[in-house]
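User: Hi! I have a model open and would like to go through its local geometry and packing with you. Could we start with the backbone and work towards the helices?

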Amino acid sequence: MQQLIPDNLTFTDVAHLPIVKQFAKRINLVDTINAMVESQMQLPPGQTVLAMVLDTLSGRTPLYRLKEFFHEKDTELLLGTEIDSELFCDYNLGRVIDKIYATGTHSIFSRLSQNAVRQFGIDARKVHFDTTSISVHGDYELTEEPFKITYGHSKDHRPDLKQFLISMLCVDRNIPVLGATKDGNASDKTLNNELLTNISKHMAVHGLKPGAFVYVADSAFVTPDNLEKADSNGTRFLTRLPATYQECSRVIEQAVVADAWTELGSLAETVPPAKRPSALYHAYETTVTLYERDYRAIVVHSSAHDKRRHKRIDRLLAKKRNELEALCKKMRSESYYCRADAQAAADKLQAAAVGSYHTCECTIEKVARFGRGRPAKGVARTPVGHEYQVHLTIGPDPEKIQPLRLQAGCFVLISNLSSPQDRANFDARELLRLYKDQDGIESNFSFLKDPVIVNSIFLKKNHRIEVLGLVLLISLLIWRLIEYSMRRYIADTGIAITGWKDKPTTRPTSFMLTTKFLSILVLRVENQRRLARPLRPVQLEYLTALGIDPIAFTSP
């Protein structure tokens, strides 16, 4: 007997979006925004932001297509409330965005990050700061508050395009707790100073007093004003000393000459492939003096030498060799009438080789000098005198080149973590690991710039762009919390989960998770929902790691 299909049967592909919704619930996203943003609209601001976050983490369509995105979606299941997709029109979205901006994007994200840190027990004692530029296409004659879209130093290497900046403060490597849009021509040095002025207030909301956290920033931090500000307000910091400072080259040379390195080994968290071995590090600790203040300095040497620096050295060596060869060519073409003159010329060339990173071996040969004309046949030529010629051999000087290449693999970290307790808690290896965690914020910028996530910026009002930035930051926060939860589960239990090519991994990513939840179909008849097919073991494995009940895929 053929089974009849109900007329009111609908189905929707939810993929990994119920997981995103559960994490949004854990940071109390909807209720927090609804409580903070005053609105009498039929479209609640909390559900609207959640809708944009779900859209962003599904691949992102432009805001004006949000209505189409939810046209075939089960909004009650994904948003917790049945909302007609027609309400997500651009007019309603614009009004909600304006109300969110009026409330304050900074205060909203600060509240949500507080919820995240508290709910997930995140360690906020190590904070990382950096900025990136977002290039835009079009005129964008926007010079009013809250930020200016204009030309500036492009980190996208697109100086032909206008831009704005995004600054971000992260804790526990890559969990964002603060983000802001800034003028396109703002300086990283100035932005560091602005943050240092208020960082105690920002970290106080996470229960941390000045001196209870370490501020990690890139080399733009090193200015007289920033160093003075950090010292005056008790901010403990770690940064990289720019190579433009003479103290940088001095302590690197000091470390190479002393040759008293402390072996740090590898910092890789996973086993690297055989063809790409992980870098090995050595450290030398000393002190630098900047603007009449002494700071702790760690000279770090990496076996993964900076290729650009080595190419620069290769060019320098080639230039020096060419200069020597030009002198040699001139010297070979000349003859000397006495050995003393030949020796003086050889000594002059060897003196020139001293600063050229090459050696020059000279031998003097006495040769006969004959008169003009062809001698008679069968008659031996009789020399009319003798002269001296210099024979030269040029080669690289390993004793001079090796320290040069060793210095090229070095960089200098500086910090005011110099008390005995700080030295015990933050040795050279820990400081290096902490600084290398700065790549977590770089990966966050890659997320924000990913065209799949950001697509094109169609908004023409910069306060609406700021709210879009808030949506992206919330999306990034949830994205990182998902990854954080999986890795903490593995660290706590010691159980690896299935990764790429069905191989176990201890470093799962959120993107890896999304590939495991493709084509999850949910069938619905009135208020009853069920999965079209049961969840696979690998999907249940990920849900266990995240602490999510499978019922999240069928229950609002």
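User: Happy to begin with a loop. Between which helix and which strand does Asp259 lie?

Analyst: Good place to start, and please keep in mind that this is a predicted model. Asp259 has a positive phi of about 50°, although it is not a glycine. Its place is the loop between helix H10 (246–258) and strand E7 (262–265).

User: Is Asp259 buried or exposed?

Analyst: The cut-off for exposed is a relative accessible area over 50%. Asp259 has 56%, so it counts as exposed.

User: Thanks! Which loop holds Glu292, and what is its phi?

Analyst: Glu292 lies in the loop between strand E8 (281–290) and strand E9 (293–302). At 80% relative accessibility, Glu292 counts as exposed. Glu292 is not a glycine, yet its phi is positive, at about 65°.

User: Now to the helices. How many of the ten residues of helix H1 are buried?

Analyst: Helix H1 covers residues 17–26. The buried ones are Leu17, Pro18, Ile19, Val20, Lys21, Gln22, Phe23 and Ala24. H1 is therefore largely enclosed by the rest of the structure, the count of buried residues being eight of the ten.

User: Which residue just after H1 takes a positive phi?

Analyst: The backbone just after H1 has a phi of about 60° at one position. The residue there is Asn28.

User: I see an arginine next to a phenylalanine around there. How far is the charged end of Arg26 from the centre of the ring of Phe23?

Analyst: Here the charged end of Arg26 sits over the ring of Phe23. A second case involves Lys73, whose charged end sits over the ring of Phe69, 4.5 Å from its centre. For Arg26 and Phe23, the distance is 4.6 Å.

User: What about Phe120: which residues does it touch beyond those up to four places away in sequence?

Analyst: Phe120 belongs to helix H7. With a relative accessible area of 4%, Phe120 is buried. Its contacts, leaving out residues up to four places away in sequence, are Phe23, Arg26, Ile27, Leu481, Tyr484, Ser485 and Arg488.

User: How far apart are the C-alpha atoms of Phe120 and Ser485?

Analyst: Along the chain, these two are 365 residues apart. Phe120 and Ser485 are also among the residues through which H7 and H18 meet. Their C-alpha atoms are separated by 8.1 Å.

User: How are helices H7 and H18 oriented to each other?

Analyst: The axes of H7 (residues 105–120) and H18 (residues 462–493) come within 10 Å and cross at roughly 5°. Angles under 35 degrees count as roughly parallel, which makes H7 and H18 roughly parallel.

User: And which residue class has twelve members in that contact?

Analyst: From H7, the contact includes Ile108, Phe109 and Leu112, and from H18 it includes Leu470, Leu473 and Leu477. Three residues are polar and two are charged. The class with twelve is nonpolar.

User: Let me compare H8 and H9. What is their crossing angle, and how do their contact residues divide?

Analyst: The axes of H8 (residues 188–204) and H9 (residues 224–233) come within 9 Å and cross at roughly 10°. That makes H8 roughly parallel to H9. Lys189, Asn192, Asn193, Leu196 and Thr197 in H8 meet Asp225, Asn226, Lys229 and Asn233 in H9. By class, the contact divides into one nonpolar, five polar and three charged.

User: Back to H18: which residues are in contact with Arg480?

Analyst: Arg480 is found in helix H18. Its relative accessible area is 8%, so it counts as buried. Leaving aside neighbours within four places in sequence, Arg480 is in contact with Asn174, Ile175, Pro176, Ser443 and Asn444.

User: Last topic, aromatics. How do the rings of Phe70 and Phe88 pair?

Analyst: The structure holds twelve aromatic pairs. Phe70 and Phe88 have ring centres 5.1 Å apart and planes at 25°, so they pair as stacked. Phe70 is buried at 1% relative accessibility, and Phe88 is buried at 0%. To end on your answer, the pair is stacked.

User: Which residues form one aromatic cluster?

Analyst: One cluster of aromatic residues has these members: Phe129, Tyr215, Phe221, Phe237 and Tyr295.

Key. Residues numbered from 1 in each chain as written. Predicted model: local features only at pLDDT ≥ 70, side-chain atom pairs only at ≥ 80, totals over all residues. Heavy atoms only, no water. Axes fitted to C-alpha atoms, helices over the stretch in contact; angles between N-to-C directions. Helix = DSSP H or I, 4+ residues; strand = E, 2+ residues; numbered from the N terminus. Parallel < 35°, antiparallel > 145°, perpendicular 65-115°, else oblique. Contact = heavy atoms within 4.5 Å. Nonpolar A, V, L, I, M, F, W, Y, C, P; charged D, E, K, R; others polar. Phe/Tyr/Trp six-rings, centres within 6.5 Å; stacked < 30°, edge-to-face > 60°. Buried < 20%, exposed > 50% of the residue type's maximum accessible area, 1.4 Å probe, protein only. Lys NZ or Arg CZ within 6 Å of the ring centre and 35° of its normal.
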